[in-house]
Amino acid sequence: MTTTGWNSTRPWRGIMVATALPFRDDLTVDHDTYAEHVAWLVANGCDGVVPNGSLGEYQTLTDAERAQVVRTAVEAAGDGARVMPGVAAYGSRESRRWAEQAAEAGCGSVLLLPPNAYRADEAAVRAHYAEVAGAGIPIVAYNNPIDTKVDLTPGLLARLHADGSIVAVKEFSGDVRRAYEIAELAPGLDLLIGADDVLLELALAGAVGWIAGYPNAFPASCAELYHAAVAGDLDTALPLYKSLHSLLRWDSQTEFVQSIKLSMDIAGRRGGPTRPPRLPLSGATEAGVRTATEKAVADGHR
C-alpha cells in the first residue's frame with residue numbers, strides 16, 4: 001500500500017508546510033519567532049517544513065539570512081529530515097550550492113524550480129536538474145509554469161525521473177488531469193499537491209504529499225482535511241474542503257504571501273509584514289482575505 005504520510009525514507013511525503021517567514025517591524029528576520037512557528041506546526045499535525053520557498057520570500061533574503069533560516073528550521077523541527085529547503089536560484093551552480101548547504105545541515109530533501117531566468121528548453125532543464133542532483137540530496141521538482149514560464153510537462157517529468165534527477169514533483173499548474181498522465185509515464189515519481197485549492201482533486205488522483213500554504217494559519221484543520229482526502233474519506237473531507245475553500249484559493253493568487261500572513265495575524269499567529277517589493281494588502285483584496293479567514297475562525301478551524 002502506498003504511504004501518504006511522512007517517513008524517513010521518503011521525507012518529502014505527508015504535509016510539508018511552505019513556511020511564511022516572520023519579519024520584525026524593521027524587516028529583519030525574527031529567527032526566534034520562526035523557530036517557534038516551525039515547532040508549533042509539527043506539534044499540530046504537520047510533518048515538516050519547506051523554508052526558503054516563494055512563501056518564505058527567499059528572493060528578498062541575503063545569503064546569510066537564507067542559510068540561517070535553514071539551520072533554524074532544522075533545529076526547530078527536531079529532525080533535519082523533516083526540512084525541505086527551496087534551492088531555487090538564477091544559476092544552476094548556485095542552486096547546487098544551496099542544495100549542498102541543505103545536505104550539510106541534515107535536510108531530507110530540497111525543492112527546485114526549473115531555470116527561471118529565461119524560458120529554458122528541455123535540454124537546459126534536464127541539465128539544470130542533473131547539476132543540482134550532483135549534490136546528492138533528493139530533489140522535488142516544482143512545476144509552476146504560471147510564474148516561471150517553464151512548464152514541466154508530464155513527459156518532461158518522466159524524463160527527469162528516468163535521468164535520476166528527481167524523486168517527486170510539486171504540481172502547481174492547476175491542471176488536475178496531469179496527475180493521471182504523470183502516473184502513467186512515471187509510476188515511480190511521487191506526486192505532491194502544490195496548490196491548496198486543488199487539494200481534494202489531487203489527493204483523490206493519487207498524491208502522496210502536500211506542499212502547503214494555509215497550514216501556516218490553520219494546521220490542525222488542514223491536517224484533518226489532508227488525511228481524510230488521501231484516505232478517500234469523502235464524508236469527512238468534502239465538508240471540510242467546502243468550508244475552507246474560500247480561504248485555500250488565496251494560495252493561488254498573486255498576493256498569496258500577504259494573504260497567508262494576514263490570515264496568520266487574524267488567526268492569532270505572527271504573520272507580520274512582507275519585504276518590498278511586496279506591499280500590504282488593501283481594498284477589496286484585503287477585505288476578501290479577511291472575510292474568508294474570519295469565516296474559518298468562526299467555523300472553528302484551527
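**Strand β5, the parallel sheet and selected local features**

In this predicted model, residue E171 is placed in strand β5, which covers residues 168-171. The relative accessible area of E171 is 4%, and because buried residues are those under 20%, E171 is counted as buried. When residues up to four places away in sequence are set aside, the contacts of E171 comprise N143, R178, I182, L191, L192, I193, G194, A195 and L202. One of these contacts, N143, belongs to strand β4, which spans residues 139-143.

Strands β4 and β5 are both members of an open sheet of seven strands, arranged in the order β2-β1-β7-β6-β5-β4-β3 with parallel pairing. The edges of this sheet are formed by β2 (48-50) and β3 (110-112), each of which pairs on one side only. From one strand to the next, the twist averages 30 degrees. At the β3 edge, the parallel strands β3 and β4 are joined by three bridges, and L112 has A141 of β4 as its bridge partner.

Two residues other than glycine adopt positive phi values, and both lie in loops. For E57, phi is about 55 degrees, and the residue is found in the loop that connects β2 with α2 (63-77). E57 has a relative accessible area of 0% and is therefore classed as buried. For K149, phi is near 65 degrees, and the position is within the loop between α5 (145-148) and α6 (154-162). In contrast to the buried E57, K149 is partly exposed, since its relative accessible area is 48% and this class lies between the limits of 20% and 50%.

A further backbone feature concerns the peptide bond between P276 and P277, which is cis, with an omega of about 15 degrees. Of the two residues joined by this bond, P277 is located in the loop that runs between α11 (256-266) and α12 (283-298).

On the surface of the model, L204, L234 and L238 make up a nonpolar patch of about 240 Å². L204 is part of helix α8, which extends over residues 199-204, and this helix also includes L202 by its residue range, a residue that was listed above among the contacts of E171. The relative accessibility of L204 is 45%, and L204 therefore counts as partly exposed; residues enter such a patch with over 30% relative accessible area.

Conventions. Residues are numbered from 1 along each chain as its sequence is written. This is a predicted model: local features need pLDDT of at least 70, side-chain atom pairs count only at pLDDT 80 or more; totals for chains, interfaces and linings use all residues. Side-chain values use heavy atoms; hydrogens and water are left out. Patches are made of residues with over 30% relative accessible area and no salt bridge: like charges are joined within 9 Å, nonpolar side chains (Val, Leu, Ile, Met, Phe, Trp, Tyr) within 5 Å. Accessible areas come from the Shrake-Rupley method with a 1.4 Å probe; for residues, only the protein chains shown count as cover. A salt bridge is a side-chain nitrogen of Lys or Arg within 4 Å of a carboxyl oxygen of Asp or Glu. Helices (H or I, at least four residues) and strands (E, at least two) are DSSP runs, numbered from the N terminus. Buried means under 20% relative accessible area, exposed over 50%, partly exposed in between (1.4 Å probe, protein chains only). Two strands pair if DSSP finds at least two bridges between them. Axes are lines fitted to C-alpha atoms, for helices over the stretch in contact, and angles run from 0 to 180 degrees between N-to-C directions. Contact means heavy atoms within 4.5 Å.
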